[in-house]
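The exercises below go with the structure shown next. Each consists of a task and a solution in steps.

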Amino acid sequence: MAGEISDGSGRAWERDPILVADHLSMRFGGLVAVNDVSFCAGRGEVTAVIGPNGAGKTTVFNCITGFYKPTMGRLALFHGAAAAPAELERVTAAGLSWGRTQKGALYLLERLADHKVASWARVARTFQNIRLFSGMTVLENLLVAQHMSLSASGLLNPAAILNLPSWRRQQKAAVDLALYWLHQIGLAGRADDPAGDLPYGDQRRLEVARAMCTRPVLLCLDEPAAGLNPRESAALNELLLSIRREHQTSILLIEHDMSVVMEISDHVVVLEYGCKIADGTPEEVRNDPRVIASYLGVEEDAAPAVVAEVGA
């Protein structure tokens, strides 16, 4: 079953997952927003979660990133290679939120508070609505993202209070990382400008850069191409592919822009009314009658005839 750790056969995302969602469900009173959804997100891959409005995509993201506690199910994230099934079951049965494994560590995200999902499990997220600090400069937005790493060493420790060389080195490293990402997104020349003065497409890329300043193992993007024109979408695609290629960061995204999904995704999961209806490569999903029916609003058995008439 998709969502379980593979024995080594099967798809790439099943052989080496970074995230395994097992029987995830989320209910709000009598409303079932996500219903028994299982899938894997492959390490170093781009996984897209798509579906019509109201399909449950954002609810899945909110469960993964700790904003919601699932009604049922398990969300296992792996640092290093995927844990063996016995290791995963041991941590689950012990009631722990994380545990060491032979090849790294595993985190059960449904048991972690949202800030620990970000800081311990190293899952970063952007939102559909831009959430930059518009009154801060472009550079300051990237420095704010690193406050956890700086505060972890202790803002009240003697090195910080006395401004010792070790503290100054940490501060310089934070600035260097921020400047690196500004160069990556082509905004180094606007480091001192207010973030709110940037064009919309630049703000979108700045959000991605801010998330990357937390050094995530899994980058979750909620409709990153929303509102972008074709040129801006192309720039975003290039940035995301470079993140995967140069930093081996795994990416999980929600997206309505099918040109973005089909161009950059390795793996696509399709939801409808809170249930998974398809799971495969972009080409497989594109040709799946259930997906066609969902997007065209026709019965599944009528989908092939409609596609043949209007053209795929």
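**Exercise 1.** Which strands does α2 lie across, and at what angle does it run to β1?

Solution. The model is predicted: local features need pLDDT of at least 70, side-chain atom pairs count only at pLDDT 80 or more, and totals for chains, interfaces and linings use all residues. Residues are numbered from 1 along each chain as its sequence is written, and side-chain values use heavy atoms, with hydrogens and water left out.

Step 1. Fix the elements: helices (H or I, at least four residues) and strands (E, at least two) are DSSP runs, numbered from the N terminus. Contact means heavy atoms within 4.5 Å. Axes are lines fitted to C-alpha atoms, for helices over the stretch in contact, and angles run from 0 to 180 degrees between N-to-C directions.

Step 2. Helix α2 lies across β1, β2 and β4 and runs at about 115° to β1.

Step 3. Helix α3 (residues 85-93) also packs on the sheet, where it touches β4, β5 and β6. The direction of α3 makes about 45° with that of β6.

**Exercise 2.** Where is T59 placed, and is T59 buried or exposed?

Solution. Step 1. T59 belongs to helix α2, residues 57-64.

Step 2. Buried means under 20% relative accessible area, exposed over 50%, and partly exposed in between (1.4 Å probe, protein chains only). T59 has 13% relative accessibility and therefore counts as buried.

Step 3. Leaving aside residues up to four places away in sequence, T59 touches M26, F28, A33, V34 and Y68.

**Exercise 3.** Give the strand order of the open sheet of five strands and trace its pairing through A76.

Solution. Step 1. Two strands pair if DSSP finds at least two bridges between them. The order is β2-β1-β4-β6-β5, and the pairing is antiparallel.

Step 2. β2 (31-42) and β5 (98-101) are at the edges with a single partner strand each, so one side of each has no neighbour in the sheet. From one strand to the next, the twist averages 15°.

Step 3. Strand β1 (residues 17-28) and strand β4 (residues 72-80) run antiparallel and are joined by five bridges. V20 has A76 in β4 as its bridge partner, and A21 stands opposite L75 in β4.

Step 4. Five bridges also join β4 to strand β6 (residues 104-108), again antiparallel. A76 stands opposite L108 in β6.

**Exercise 4.** What is the strand order of the open sheet of six strands, and which helices pack on it?

Solution. Step 1. The order is β7-β8-β9-β3-β10-β11, with mixed pairing. β7 (123-126) and β11 (275-280) are the edge strands, each pairing on one side only. With direction ignored, neighbouring strands are turned by 15° against each other on average.

Step 2. β10 (residues 267-272) pairs with β11 over five bridges in the antiparallel sense. The bridge partner of L271 in β11 is K276.

Step 3. α9 packs on the sheet by touching β7 and β8 (218-222), and its direction makes about 155° with that of β8. α10 touches β3 (46-50), β8 and β9 (250-254), with a direction about 150° from that of β9.

**Exercise 5.** How do the axes of α9 and α10 cross, and which residues make the contact?

Solution. Step 1. The axes of α9 (residues 200-212) and α10 (residues 230-247) come within 10 Å and cross at roughly 15°.

Step 2. Angles under 35 degrees count as roughly parallel, over 145 as roughly antiparallel, 65 to 115 as roughly perpendicular and the rest as oblique. The two helices are therefore roughly parallel to each other.

Step 3. The contact involves G201, R205, V208 and M212 of α9, together with E232, A235, L236, L239, L240 and I243 of α10.

Step 4. Ala, Val, Leu, Ile, Met, Phe, Trp, Tyr, Cys and Pro count as nonpolar, Asp, Glu, Lys and Arg as charged, and the others, Gly among them, as polar. The contact residues divide into seven nonpolar, one polar and two charged.

**Exercise 6.** Where do D36 and E223 lie, and what is the phi of each?

Solution. Step 1. D36 is in strand β2 and, though not a glycine, has a positive phi of about 55°. Its relative accessibility is 41%, so D36 counts as partly exposed.

Step 2. E223 is in the loop between β8 and α10; it is not a glycine either, and its phi is positive at about 50°. At 8% relative accessibility, E223 counts as buried.
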